[in-house]
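This briefing goes through one protein model, topic by topic. Please keep the sequence and the 3D view open while reading.

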Amino acid sequence: MLNGAMLVWFIFAAMSVVFVVWDSITNAPTSWVQRMAWILVVVYTGVVGLILYLLTCRRPFPGGHDAFTRATWKQSVNSEMHCLAGDATGIVIAASIVPFFGLTNGWDATIEYIAGFICGLFIFQALMMLGMYQGNYLKAVRKTFFAETVSMNMVMGGMIPTMVILASLWPESEDPTNATFWFRMSLASIVGGFIAYPINYWLVKNHLKHGCMTLPGLDGPAPCLGFCSPETDPDIKNSQPIPSSTHDSQSEHEGHTMTMQTLPFIASSFWVVGTFLFLLFAILVTNQFVPLKF
């Protein structure tokens, strides 16, 4: 039964990845980091990721990407994809290595958390925001630290219980050469993504995290109806500046500018501690089903 379900899952996942890769090359007016994020998310979440991509990011027609992605809930999904792609990539890499050291499941989860955080922050958050901070990578890291931390904690609050409990049910899934390992990681990524969505919605709605950004000059007519990236497409040479009327129309859409806000230290500390408490709660609940050992 499980083998049959995995076969169907992997077939549809492969088809989904092929489509998103093709669409990213031929139809996506977004930065390379965002394209890569969506490809990786679909690799991990299969047809679930494809559905989200079609609903929230795929350009419906030339010139329509900004307007299509303008809704806050769509911006939030796109924003979360950077976190989920980076976190899941680091976690999968770590989970593929730690079994060879024979560590207990508690240490496995700890190493996976650290790997996910490093990959998510230093690649998929900071690199994505590099253009907004005049190419200053260290500043981008500093400015995205809060968003990555609270989002990562929520992702792991969903992934840890799923990974640990399924590993106890499917012992063979700890072997990265076994198909059940990748199936388990897919399910964990889906659960983590859904758990982390509310915090990402709050971050985007309050301008504490970026959403989906269209590269200027790459979407044809009707630019900047939603979020317009400050980055430029390296493939477009001698691109013309965006007309001032476009900026005026963009400013009319309150809540959809690219101005990032910053929480006061006490408020941000409150949210960071709160998400760590949620993660601790998830670990304690998991421990009731499968003891975590260190």
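Thr-56 is found in helix 3. With a relative accessibility of 0%, Thr-56 counts as buried. The model is a predicted one, and the points below start from this residue and move on to the fold, a helix pair, a salt bridge, a kinked helix and two backbone angles.

**Surroundings of Thr-56**
- Neighbours within four places in sequence set aside, Thr-56 is in contact with Trp-38, Phe-68, Thr-69, Trp-73, Lys-74, Val-77 and Asn-78.
- Helix 3, where Thr-56 is found, spans residues 47-56.

**Overall make-up**
- The protein has ten helices and zero strands, so its elements read α-α-α-α-α-α-α-α-α-α from the N terminus on.
- Half of the chain is enclosed by the usual criterion: 50% of the 294 residues count as buried.
- Of the contacts between residues at least 6 apart in sequence, 74% join residues at least 24 apart.**Helix 1 against helix 3**
- The axes of helix 1 (residues 2-26) and helix 3 (residues 47-56) come within 8 Å and cross at roughly 35°.
- On the helix 1 side, the contact is made by Trp-9, Ser-16, Phe-19, Val-20, Asp-23 and Ser-24.
- Helix 3 contributes Val-47, Val-48, Leu-50, Tyr-53 and Leu-54.
- By type, the residues of this contact are eight nonpolar, two polar and one charged.

**The salt bridge**
- The structure holds one salt bridge.
- Side chains of opposite charge can pair when their charged atoms come close.
- The partners are Arg-58 and Asp-23, whose side chains meet at 2.7 Å, N to O.
- Arg-58 lies in the loop between helix 3 and helix 4 (65-68) and Asp-23 in helix 1, so the pair ties together parts that are 35 residues apart in sequence.
- Is each partner buried or exposed? Asp-23 is buried, with a relative accessible area of 0%, while Arg-58 counts as partly exposed at 25% relative accessibility.
- Asp-23 is also one of the helix 1 residues in the contact with helix 3.

**Helix 7**
- Helix 7 (residues 137-169) has a kink of about 45°, centred on Thr-144.
- Of the 33 residues of helix 7, 24 are buried, so the helix is largely enclosed by the rest of the structure.
- At the start of helix 7, a side-chain oxygen of Asn-136 comes within 3.3 Å of the backbone nitrogen of Leu-138.

**Residues with positive phi**
- Most residues other than glycine have a negative phi.
- Gln-134 is not a glycine, yet its phi is positive, near 55°.
- Gln-134 lies in the loop between helix 6 (105-125) and helix 7, and at 68% relative accessibility it counts as exposed.
- His-207, also not a glycine, has a positive phi of about 60°.
- The loop that holds His-207 runs between helix 8 (179-205) and helix 9 (244-251).
- His-207 counts as buried because its relative accessibility of 15% is under the 20% cut-off.

Conventions:
Residues numbered from 1 in each chain as written. Predicted model: local features only at pLDDT ≥ 70, side-chain atom pairs only at ≥ 80, totals over all residues. Heavy atoms only, no water. Axes fitted to C-alpha atoms, helices over the stretch in contact; angles between N-to-C directions. Helix = DSSP H or I, 4+ residues; strand = E, 2+ residues; numbered from the N terminus. Contact = heavy atoms within 4.5 Å. Nonpolar A, V, L, I, M, F, W, Y, C, P; charged D, E, K, R; others polar. Bend = angle between axes of the 7 residues up to and from the residue. Buried < 20%, exposed > 50% of the residue type's maximum accessible area, 1.4 Å probe, protein only. Polar contact = N/O pair within 3.5 Å; in protein donor to acceptor, adjacent residues only side chain to side chain. Salt bridge = Lys/Arg side-chain N within 4 Å of Asp/Glu carboxyl O.
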